[in-house]
Structures are given as C-alpha cells and as structure tokens.
Amino acid sequence: MSEQLKVPTMAQLMAEGKQPEVLFWVGCAGSFDDRAKKITKAFVKLLNRANVNFAVLGTEESCTGDPAKRAGNEFLFQMQAVTNIEVLNAYEIKTVVTTCPHCFNTLKNEYPSLGGSYTVMHHTQFLKNLLDEGRLSIEGGQFKGKRITFHDPCYLGRANNVYEAPRDLIRKLDAELVEMKSCKSRGLCCGAGGAQMFKDAEPGNKEVNIERTEQALETQPEIIAAGCPFCNTMMTDGVKNKEKEGQIKVMDVAELIANAQDL
Amino acid sequence: MQYLPNILFAIALILGLGYFGINVKKLIRNIKLGQDVDVSDDKNQRFNNMARIALGQSKMVVRPIAGLMHIIVYVGFVIINLEVLEIIIDGLLGTHRIFLGVLGKSLYGIFIASFEALAVLVLFAVIVFWLRRNIIKLKRFMSAEMKGWPENDGNIILYFEVILMCLFLTMNATDLPFQEMNSGNLVSQFIAPWFSGFTEGTIHIIERSAWWLHIIGILIFLNYLYFSKHLHILLAFPNTYFGKLKPKGELNNLESVTAEVKLMMDPDADPFAAPANPDTIPAKFGASDVTDLNWVQLLNAYTCTECGRCTSECPANQTGKKLSPRKIMMDTRDRLEEIGKNIDANGGTFKDDGKQLLNDYITPEELWACTSCNACVEACPVSIDPLSIIIDMRRYLVMEQSAAPMELNNMMTNVENNGAPWPYNQMDRLNWANEN
Ligand code: SF4
Ligand code: SF4
C-alpha cells in the first residue's frame, strides 16, 4: 500500500465536463467512523485498481435519512431525501454504489417515490460485476484456505434478497466459507439496525451482538466477514467481549479482496 | 312427521350459518375501521403469492416437522369438507350417502377410503401438536402473551379435531349397509367389530347420533373460528393476497409528510396559503390506536395464528427484551375487538373509552427494542408484517409526542444540523481520502 488514493468528486468532474460511470455513495459511517473509513479506502483501492471511472459527492453528501426514518421521524427523513435527491439529480446521476446496506436500501427503495430513481448497487454486487466483466481479478493471497463465515446484513439480505454476491466473492479467495446455523434469510441481526446503533438497548438478558457473535464463533472461523459498517462494529465489539480479538478478525468483504492483493 | 329430521337439519344449518354470517359482517366492519391503502397493483403477483403461500403452504415447511403435520391437518380439513357437502345434502333431502349413487360403488369407495386414511393421519398429527404444546412445551408456545385464552384456544381446537375425526370414523363404522358394501371402509372396518355386541337398532342409533354430532360439531367449529386464532383457515387467503410485494426493507413514505416537506423546501411557496386539499391532511402522523393503522394491518391482526415463529426469530425477543412481534399482532386484534364491541354496545358508534393501542396494550419499551431486521416478516407463514405496525407507532411517538429516547433525539439533531448521525461537520466528510 503506497499509492495515493484517487478520489475524484462530482464537483471536480463537473468542472472538467465529465460524467462518471458510477457514483460512490460513501455514507456517514464510511466518512466518519474510524473503522468504517478503512472499508471505504479498501473499496476505493479496488475501484482504482479496476480503473473504474467513479466519483464521490464529498462535502455535498448528507445522511440518507435512514436512521431518522427507522426511528419514526418521517419528516427528517424526507427532508434529507429531498435534499440529497436534488444534488443527485442536478449531477444527473444514474448509477450509485455504496458500501453501506442501509444507504443501499434507502437509495434503492425509498428515494424513487420522492423523485430519485437510480440503479443502486451494494459494493459486493458491484465488485462481483467487475469480476464477471474481467475488470478485476481476485486472488486468495493470505486468505487461501482460511475459515471465513459471512454475517448477512439484514438490509442487504432479508431486506433486498442479496445473499450470493458477497459469498461468491469470498469463495473466489479460495477460502473455506462456513455458514452459521442461522444464515441468509434466517440470519440473525447484529443488533444495530432500526436506529439501535445510536441508543442503548432496552432491558433484557443479553446484547444482540453477543448472541450473534456466539453464533459466529460456533463455526470456529478465522475471519468473520461483514458487508456493512454497522454490523462490522457490532461484531468487532462482540469478538472483543469474548476476548477473541487476537485470533479472529472482523473484516469487510472489500477489505478481504484488497488485502489479499496487498493493496 | 316424516320430514322432521330434514326440518331440524335445515334449522341447525340456518342457525349455524346465520350466526357465522353475522360475525363475518362484524369482522369486515372492524377491518374497514382501518385507513385506506392502495393494494390494487400487480394482481398476478398477488394471486401467485396466495397460491404459493396460503394454498401451497410454502412457508410452513421452513420448519419441517411442524410443516408436514400442518399440511396433513390442512389437507385433511379441506378434503373431509367434501364429505361435509354430502352430509348437508343428505340432511336436507333426507337421503343417505347420496354420492354413492352418483359416483358408483368403487369410485365412492376410493373417496371414503381416502377420507378415512386422512382422518387417522389428522388424529396422529393432532396428537403430535398437543404433545408439542403441553408435554414438550416448545418455547414459542410458552411466552407471556400465550397465557390464558390463547393457550386454551390452541388446545380447544385440537380437542375439536379429535372429536370430529372420531365421530366421522364411528359414523362409518356403525353404518351397517356401508360396512356390508365393504368398499371404502379402509379404517372403519376395524372399528366396526367393537359394536358387534349391540343390536342392529342400537347400532343404527349410534350411527345417527354420530352423524348428527359430526355435522353439529362442524357448525360449532365454524362459529368458533371468529373467536379464535383459527380464523387463519379463512383469512390466510386474502392476507397473503394483500401481503407486501415491495422489498422487505422498503418502508412506505408518508404522503402527508411529503406534501409538507415539499412546501417547506419550495422557496416560492406561500407558507400562509391554505393547504390545497384538506382531506389529504391526516388527523395525526403515525399510529396510536388501531384505527390509525391501515386495513391490511388490521386484516393481518385477525389472520395471526399465534404460532410465534416471528417471535422466536426476533433478535430482541431472543435476548430477553419485552418486544414480541406476535404480541404486537395479538394486541392489535384485541384492541380492535374491543373497539368493535364498543361500537356494538353503543348502537353503531364508537364511544371514547379513554384507551388506545399505545400504552394500554403496547408500551414504548417494546417499540424501541425493534431493530427493524425483518426476521418476523420473513418468518411469518401467512405474510403478516408486524414491523409496519411498530414503525407506525414509532412515528406517532416521535412526530406527535416528541417522545423518542434521548439518545435518538441527539442522533436526529445531528442529522438535522450536520447531515450525519454523529456530531461531525459536513465539511469534513471527505477528510478520509487524505488520511492514512
Ligand atoms: S423487525 Fe423488529 S420485531 Fe421483527 S424480528 Fe426484527 S427486531 Fe423483532
Ligand atoms: S405474525 Fe405470523 S409468525 Fe407471528 S405469530 Fe402471527 S402468524 Fe405466527
């Protein structure tokens, strides 16, 4: 890892009279959260490597409104949505890719009826396409033969029926993909969705992320793969709680692919 | 006097169907107390879902044992109803086994033999179900919301099934001409010898009694449905038809809010102008009572079988939180029934009873425990969407009462001011690109 990341903004491209093939929607976690920023950078490295003509909104991006909507604040959600849609439409955006399943779900499903219709992809779908088109190659590298279990993000899996793209990518690493007892459509939530990320849990006898981490640990993985910055945080905390952070890493699928190639 | 049995039968039938009809009318009236919602789209997909999920029971087999048993009881129920048709015609016309003449001995034999075989399978399945509820005590049948009536309801239905199946087999076993014919008595031929000690006259009385009890039992069963979780036998069909077609992650965008947001964002709008169409402005945002929900959500509540598949998959419930999506549905139905009874008691209009769904039935603590993960929606075998009710009630708490937990208020303030749920400056959004 040495080269400088190339991260053009829409404003720059616009000034040059260019249009990117895809807009990378970074999301709040991907922009500000220290752990999630690593995922953002890993994904950008892959985009740079595959010579994808992309751009970000940078300071013109704002929260999609997902946490507000799930918390019940429809006003705030729609204010955010309308503001974002104005920006996206002004730049004539057609295709969006994002590393956050919450942004993915909101942009894809909840923006169209407010005037924002785009082709929206989760980064695992986008990477899978690059792979299929021969623009990106995946090597196993350090992950060859490693036991990896994939935690389905609710907003990618059940919410939008995307189960295979991340798994296809993991298999390409020549890794041993092991499934948890509840996976895919029956995958257990990490505990962060529905604005739970931003509050303490109600009284109970366990934290949801601990329950999910225990399910993951049952598969005796070397790596827990995730596809969502919030799941990533929850599972990382879970692994720490079990004092297993020495043996088990929680990594985004994009990080796996980037690290395998020493990007 | 010759026609006395026919007349008695007709009266029983009219009473049974009439009372059922009255309750169905009530049911429809109660469901219509809900808000309007447009579900006229994509009829093909909707029929498809109904055929697959309700008729084809596609969601039941996710749990193989319960699924298989349920399919046996379900097929048994549907097919044995053909026999009921014969009973009704016989009862009204005073005939005996009228289909025998119509179908001929061998075909009729095949029919009755399959009914008898199914009756035995149903008995077996019902016993397994009873054991799961009462001896094995499966966790999902033991939750707090299942205490009392719901628990009894589950068992009463099972006893009903046992009695009906036994009456059916007894009726066949004591039908001497039928036994003599020796076609279709697959199971009942082994029961017939139990009665060999009796005189022909006594056996005939037993046969008639079993026949009458069987049909009366079925009429009682029909009328029991309205008061029971077993309403799903009927409502599973419309409910799967009207079930959500959009991706599970998509929550509806409130149109009333859209109108206001557009107004706020439009620099040319006159803030003092009267709203264009006063009808589109709702009395309130979100739901605090069942009448704020839409009618599909209310249909959902009546359809709930209280199976608890939703609750057993719910991450909040699994980790000991109070939230149970099944309870959300049961509470909605209970409150709707309460309102319905109130309307009946007050000559057709609702008299304020000072209660509502929020707080009196469902507490904010339950609502705030939801992660919106959709596990409950995925698990439900009859396409019920508990999450939509949870979100509508959160909307009321937040938009009408500003009663979100403090941390969520902080999060929302951040989104409003900085465009992110944390207190970071929007101008720093691209800093990551230059950090190492
Ligand atoms: S959406 Fe809410 S109620 Fe339904 S299973 Fe998930 S946490 Fe439980
Ligand atoms: S909502 Fe569906 S899954 Fe839950 S108890 Fe009712 S029928 Fe069963």
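**Exercise 1. Determine which parts of chain A are joined by the salt bridge of A:E110, and state how accessible its partners are.**

Solution. Step 1: the side chain of A:E110 forms a salt bridge with A:R70, with 2.7 Å between the closest N and O atoms. A salt bridge here requires a side-chain nitrogen of Lys or Arg within 4 Å of a carboxyl oxygen of Asp or Glu.

Step 2: A:E110 belongs to helix α6 (residues 101-110) of chain A and A:R70 to helix α4 (residues 66-71) of chain A, so the pair ties together parts that are 40 residues apart in sequence. Helices are DSSP runs of H or I with at least four residues, strands are runs of E with at least two, and both are numbered from the N terminus.

Step 3: A:E110 counts as buried because its relative accessibility is 1%. A:R70 is likewise buried, at 1% relative accessibility. The classes are buried under 20% relative accessible area, exposed over 50% and partly exposed in between, with a 1.4 Å probe and protein chains only.

Conventions. The model is predicted: local features need pLDDT of at least 70 and side-chain atom pairs pLDDT 80 or more, whereas totals for chains, interfaces and linings use all residues. Residues are numbered from 1 along each chain as its sequence is written, chains are lettered from A and ligands numbered from 1 in the order in which they are written, and side-chain values use heavy atoms, without hydrogens and water.

**Exercise 2. Locate the salt bridges of A:K128 and A:E214, and place the former in its network.**

Solution. Step 1: A:K128 pairs with A:D168 in a salt bridge whose closest N and O atoms are 3.7 Å apart. The pair links distant parts of the chain, 40 residues apart: A:K128 is in helix α7 (residues 123-132) of chain A and A:D168 in helix α8 (residues 164-172) of chain A. A:D168 is partly exposed, at 24% relative accessibility.

Step 2: a network of salt bridges links A:K128, A:D132, A:E164, A:D168, A:R171 and A:K184.

Step 3: for A:E214 the salt-bridge partner is A:K242, and the closest N and O atoms are 2.6 Å apart. Here A:E214 sits in helix α9 (residues 208-218) of chain A and A:K242 in the loop between α10 and β8 (249-252) of chain A, 28 residues apart. A:E214 is partly exposed, with a relative accessible area of 25%, and A:K242 is partly exposed at 28%.

Step 4: over all chains, the count comes to 42 salt bridges.

**Exercise 3. Describe the environment of A:C231 and its spatial relation to A:P153.**

Solution. Step 1: A:C231 is part of helix α10 (residues 229-241) of chain A. Step 2: with 5% relative accessibility, A:C231 counts as buried. Step 3: A:C231 and A:P153 are separated by 78 residues in sequence, while their C-alpha atoms are 6.7 Å apart.

**Exercise 4. Classify the packing of α3(B) against α5(B) and of α10(B) against α12(B).**

Solution. Step 1: chain B has 20 helices and zero strands. Its C-alpha trace spans about 95 × 55 × 40 Å along the principal axes, and buried residues make up 52% of its 436 residues.

Step 2: helix α3 (residues 64-93) of chain B and helix α5 (residues 105-134) of chain B pack at about 140°, with axes 8 Å apart. α3(B) is therefore oblique to α5(B). Axes are lines fitted to C-alpha atoms, for helices over the stretch in contact, and angles run from 0 to 180 degrees between N-to-C directions. Angles under 35 degrees are roughly parallel, over 145 roughly antiparallel, 65 to 115 roughly perpendicular, and the rest oblique.

Step 3: helix α10 (residues 232-242) of chain B and helix α12 (residues 295-303) of chain B pack at about 150°, their axes 9 Å apart. This makes α10(B) roughly antiparallel to α12(B).

**Exercise 5. Identify the residues with positive phi in the segment after α11 of chain A and in the loop between α18 and α19 of chain B.**

Solution. Step 1: most residues other than glycine have a negative phi. Step 2: A:D262 has a positive phi of about 55° although it is not a glycine. A:D262 lies in the segment after α11 (253-260) of chain A and is exposed, at 60% relative accessibility. Step 3: B:S383, also not a glycine, has a positive phi near 60°. B:S383 is in the loop between α18 (375-379) and α19 (386-400) of chain B.
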